[in-house]
Amino acid sequence: MKHPVPAEQISGIVLETVSNFIHYIDPGLGKQMRLMAEDFVEWEAQGPYIWDIHGNEYLDGMTFGGVFGLGHRHPRVVEAVKQQLDRMPLSSRLAFNKPMADLGRLLAEVTPGDLQYTFVCSSGTESIEVALKLARLTTQRPHIVSTLSSFHGMSIACSSVSGIDYWRQGFFPLLDGVSLVPFGDIDALRKAVSPMTAAVLLEAVQAGSGCTVPPAGYLQQVRELCDRLGIMLVVDEIQTGFGRTGKMFGVDHEGVVPDIMCLGKFLGGGVMAIGACTYRPVVQQAADKRPLFNNTTFGGNPLACAAAIAAVRTVLDENLVERARVLGDRLGAMLDGLITKYPTVVEGAKGLGLMRTFVVRSIPQAFVVVQELISKHRTLLLSPVHTPTMFRVNPPINATDEVMDRILDAIDQSVAKAASMSELDMARNIQELQRKAAAMA
Ligand SMILES: Cc1ncc(COP(=O)(O)O)c(C=O)c1O
């Protein structure tokens, strides 16, 4: 840690931060965070590490769905952003913006087939919104088919095309004309599409359901179906893009070229917020008829584009797609091994490359694993609110062997701890957490 906080200031800052969060940001979330990782105020980050304000070092094994795919504050990305900051951070939007133009070209080069034009925005959600607009514009049709258990963002349109109930409940009515079909089921998709379908939207590996890999050939079958019926194939590569699955893009596993590809997370190099929607000439031809079909104040700002260019170039120059494939094979073998090593705790593992999950059998076990990971091993994995028994393992794609060893050891030992506890011990542990929660109320 390079910027330690003077010891006498720490407790004051912690108190103020936690109190402000609970009083002015989100009381429920604040209390939950305190319960699991008492007063964990993040302060500094570098590479795969995050330090809390006390100077405790945590290993980032989840990278927030790949945002920190190059680790935190990758020097090349930081340098590119600093240089751009010194010159021109935001665009007037009246003149040619060089970083945005350069990024467009780079994305055309690295994305498959004839994907060529890019709308640059500030988040994954926005890129999905743009994709839906473009699909309607191109086909002049209204309907969208998406997949059950998917997650594509939190706006009303994105909630409408997301298949995880938790993110939809409470926001009805959502968009009309959306159908949701099981991911990986080509027959269900065939039944759901019609001459009114503008787009089929899916991920190459479905993140929200626990990194579900579709059956071999599925993406190609979807491509053929869309071609036959003039439907836009929109692939959300917001988590799967830029090497995460062991190929540059998830669709590359099947040699499929979508009509529209949505990008985000990793693209900001772990330093800036950015989203992008990249599409084929046929889509651009429709957009030509509707100049400024979309616009945004901050989208494509030079800072974010400079970060994105540096991030993508780093993947290419450091051969990180291959690195992710090698590390991913190791991670997959280890997680699969947990099922046989700890059968009373781990009931499943799935995923591709460095995008994986393992699932434990019960909520009390999940609590133990989370507590062990955070408090004892200081390793951060994501356990989604809608499926708390699931653990996302999503390390940086440039992780060293030592970092991978640490993540794998932390997982093994945390699961071993849950396996060693009796049901009574775990019930007592939950009671203790409930007591703490009540004390915080
Ligand atoms: C697959 C997928 N699509 C879309 C989104 C939405 O992106 P953002 O949160 O940047 O708006 C996410 C975010 O987690 C995602 O995982």
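**Exercises on a predicted model**

Pro173 is placed in the loop between α8 (165-168) and β6. Helices (H or I, at least four residues) and strands (E, at least two) are DSSP runs, numbered from the N terminus. The model is predicted, so local features need pLDDT of at least 70 and side-chain atom pairs count only at pLDDT 80 or more, while totals for chains, interfaces and linings use all residues. Residues are numbered from 1 along each chain as its sequence is written, and side-chain values use heavy atoms, with hydrogens and water left out.

**Exercise 1. Describe the backbone at Pro173 and at Arg73.**

Step 1. The peptide bond from Phe172 to Pro173 is cis, and its omega is near 0 degrees.

Step 2. Arg73 belongs to the loop between α3 (63-66) and α4 (75-87). Although Arg73 is not a glycine, its phi is positive, at about 50 degrees.

Step 3. For background, most residues other than glycine have a negative phi, and most peptide bonds are trans.

**Exercise 2. Determine the strand order of the seven-stranded sheet and identify its edges.**

Step 1. The order is β4-β10-β9-β8-β7-β5-β6 in an open sheet with mixed pairing. Two strands pair if DSSP finds at least two bridges between them.

Step 2. The edges are β4 (117-121) and β6 (178-181); each has a single partner strand, so one side of each is left without a neighbour in the sheet.

Step 3. On average, neighbouring strands of this sheet are turned by 20 degrees against each other, direction ignored. Axes are lines fitted to C-alpha atoms, for helices over the stretch in contact, and angles run from 0 to 180 degrees between N-to-C directions.

Step 4. Strand β5 (residues 143-147) runs parallel to β6 and is joined to it by four bridges. Val145 has Ser179 in β6 as its bridge partner.

Step 5. Helix α10 (residues 218-229) packs on the sheet and touches β5, β7 (197-203) and β8 (232-236), where contact means heavy atoms within 4.5 Å. The direction of α10 makes about 170 degrees with that of β7.

**Exercise 3. Work out how the three-stranded sheet is built.**

Step 1. This open sheet has the order β11-β12-β14, with antiparallel pairing.

Step 2. β11 (346-352) and β14 (390-393) are the edge strands; each has a single partner strand, so one side of each is left without a neighbour in the sheet. From one strand to the next, the twist averages 15 degrees.

Step 3. Six bridges join β11 to β12, and Lys350 stands opposite Thr357 in β12. The two strands β11 and β12 form a hairpin with two residues between them, and Gly353 in the turn has a positive phi of about 60 degrees.

Step 4. Strand β12 (residues 355-360) is joined to β14 by four bridges, and Arg356 has Val393 in β14 as its bridge partner.

Step 5. Helix α13 (residues 320-341) packs on this sheet, touching β11, β12 and β14, and its direction makes about 10 degrees with that of β12.

**Exercise 4. Describe the surroundings of the ligand.**

Step 1. The residues around the ligand include Ser123, Phe151, His152, Glu203 and Gln239; a residue is near a molecule if one of its heavy atoms lies within 4 Å of it.

Step 2. A polar side-chain atom of Asp236 lies 2.6 Å from a nitrogen atom of the ligand, and one of Lys265 lies 2.9 Å from a ligand oxygen atom. A polar contact is a pair of N or O atoms within 3.5 Å; within protein, one must be able to donate a hydrogen and the other to accept it, and residues adjacent in sequence count only if both atoms are side-chain atoms.
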